[in-house]
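Me: Got a model I'd like to talk through, mostly how the pieces pack. Can you start with whatever term I need before we get to the sheet?

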Amino acid sequence: MAGTQTHTLPTDKFLTLSVNLLHKVFLEATRTEAKNLYREISEGKPVPLTRVRMEDGSEVRFEVALDHSEYRGRLNFGAFRAGVTLLVANIADALREEKPVKTFHAEHDPNVVIFGISAVTVEEGEASVLVLGADAGSGQPSVVLQLMYLERGQFAEQPAAGGATELAAGEAAIEQAAEKAADKAPDNG
C-alpha cells in the first residue's frame, strides 16, 4: 500500500496559490465556463480544478467545493461571483500588506482549516459572509478549497457589557464553521 506524503506550505504561499486558482476559474474564465463550474459545486460535490507540482516533484490535486447552507435568500451565480470577487480581493490585499492571517482548525480534524478573511456582500437586503477553507484530510494527494457561507447572525455586534466583541463573535463563527466543515468532510479512513 502506497503511503501519502504530507506537504506543508506556509499560509501566505497556500493562500496565494488558492487565490490564483479561484481567480483563474471564476474571474478570468468566460462567464459560461465559470457559471458551469458554479452549477457543479452548488450541487454540493467537489469539482477537480488542477494538479500542482510540488518542489519535490510530487503532484497534488486541487478541487473546489461550495457550502451554501447558511446563505440567506436564493443564491445565484451573480451573487456568488460577487462574493468570490470580494473574497479574492480581500485575501490579495491581506497578502500584499503582509498582514498575519488567522487560521481556525476543526477540533476533531486538524486537516480542515478556515482562513480568517471574509467577504461580506448584500443581495436583496440580505448580508452574506463568504470565507475560504481547505481540507487536506481525505487521505488522497488532494486539497479541497472550500468556499463557504457562514451564518451572518454570528457576526452581529455584541453589547460591551456582555464582554464579547464583534471580532470575537466573528472568530467564534469561523471556529464553528471549521467544526461544521470537519463534520461534513468525507471519512476515507
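Reply: Sure: two strands count as paired if DSSP finds at least two bridges between them. Bear in mind that this is a predicted model.

Me: Fine. What is the strand order in the open sheet of 6 strands?

Reply: The sheet is open, and its pairing is mixed. Neighbouring strands are turned by 30° against each other on average, ignoring direction. Reading across, the order is β1-β2-β6-β5-β4-β3.

Me: And which strands stand at the edges?

Reply: A strand with a single partner has one side left without a neighbour in the sheet, so that's what to look for. Two strands fit that description, and they are β1 (47-53) and β3 (103-106).

Me: Let's zoom in on one pair. In what sense do β4 and β5 pair, and over how many bridges?

Reply: β4 covers residues 109-123 and β5 covers residues 126-135. One of the bridges links Val113 to Ala134 in β5. The two strands pair in the antiparallel sense, over 9 bridges.

Me: Now the helices. Which strands does α3 touch?

Reply: Helix α3 spans residues 77-96 and packs on the sheet. Its direction makes about 115° with that of β4. The strands it touches are β2, β4, β5 and β6 (142-150).

Me: Which strands does α2 lie across?

Reply: α2 is the helix at residues 31-42, and it runs at about 75° to β2 (59-67). The strands it lies across are β1 and β2.

Me: How are α2 and α3 oriented to each other: roughly parallel or roughly perpendicular?

Reply: Their axes come within 11 Å and cross at roughly 100°. Angles of 65 to 115 degrees count as roughly perpendicular. α2 and α3 are therefore roughly perpendicular.

Me: How many nonpolar residues does the contact of α2 with α3 have?

Reply: On the α2 side there are Arg31, Ala34, Lys35, Tyr38 and Ile41, and they meet Phe77, Phe80 and Arg81 in α3. By class, 3 residues are charged and no residue is polar. The nonpolar count is 5.

Me: Zooming out, in what order do the elements run from the N terminus on?

Reply: The protein has 4 helices and 6 strands. From the N terminus on, they run α-α-β-β-α-β-β-β-β-α.

Me: Last one: what share of the accessible surface belongs to carbon and sulfur atoms?

Reply: Of the 189 residues, 39% count as buried. The accessible surface comes to about 10,600 Å². The share belonging to carbon and sulfur atoms is 49%.

Definitions and conventions:
Residues are numbered from 1 along each chain as its sequence is written. This is a predicted model: local features need pLDDT of at least 70, side-chain atom pairs count only at pLDDT 80 or more; totals for chains, interfaces and linings use all residues. Side-chain values use heavy atoms; hydrogens and water are left out. Axes are lines fitted to C-alpha atoms, for helices over the stretch in contact, and angles run from 0 to 180 degrees between N-to-C directions. Contact means heavy atoms within 4.5 Å. Angles under 35 degrees count as roughly parallel, over 145 as roughly antiparallel, 65 to 115 as roughly perpendicular and the rest as oblique. Ala, Val, Leu, Ile, Met, Phe, Trp, Tyr, Cys and Pro count as nonpolar, Asp, Glu, Lys and Arg as charged, and the others, Gly among them, as polar. Buried means under 20% relative accessible area, exposed over 50%, partly exposed in between (1.4 Å probe, protein chains only). Accessible areas come from the Shrake-Rupley method with a 1.4 Å probe; for residues, only the protein chains shown count as cover.
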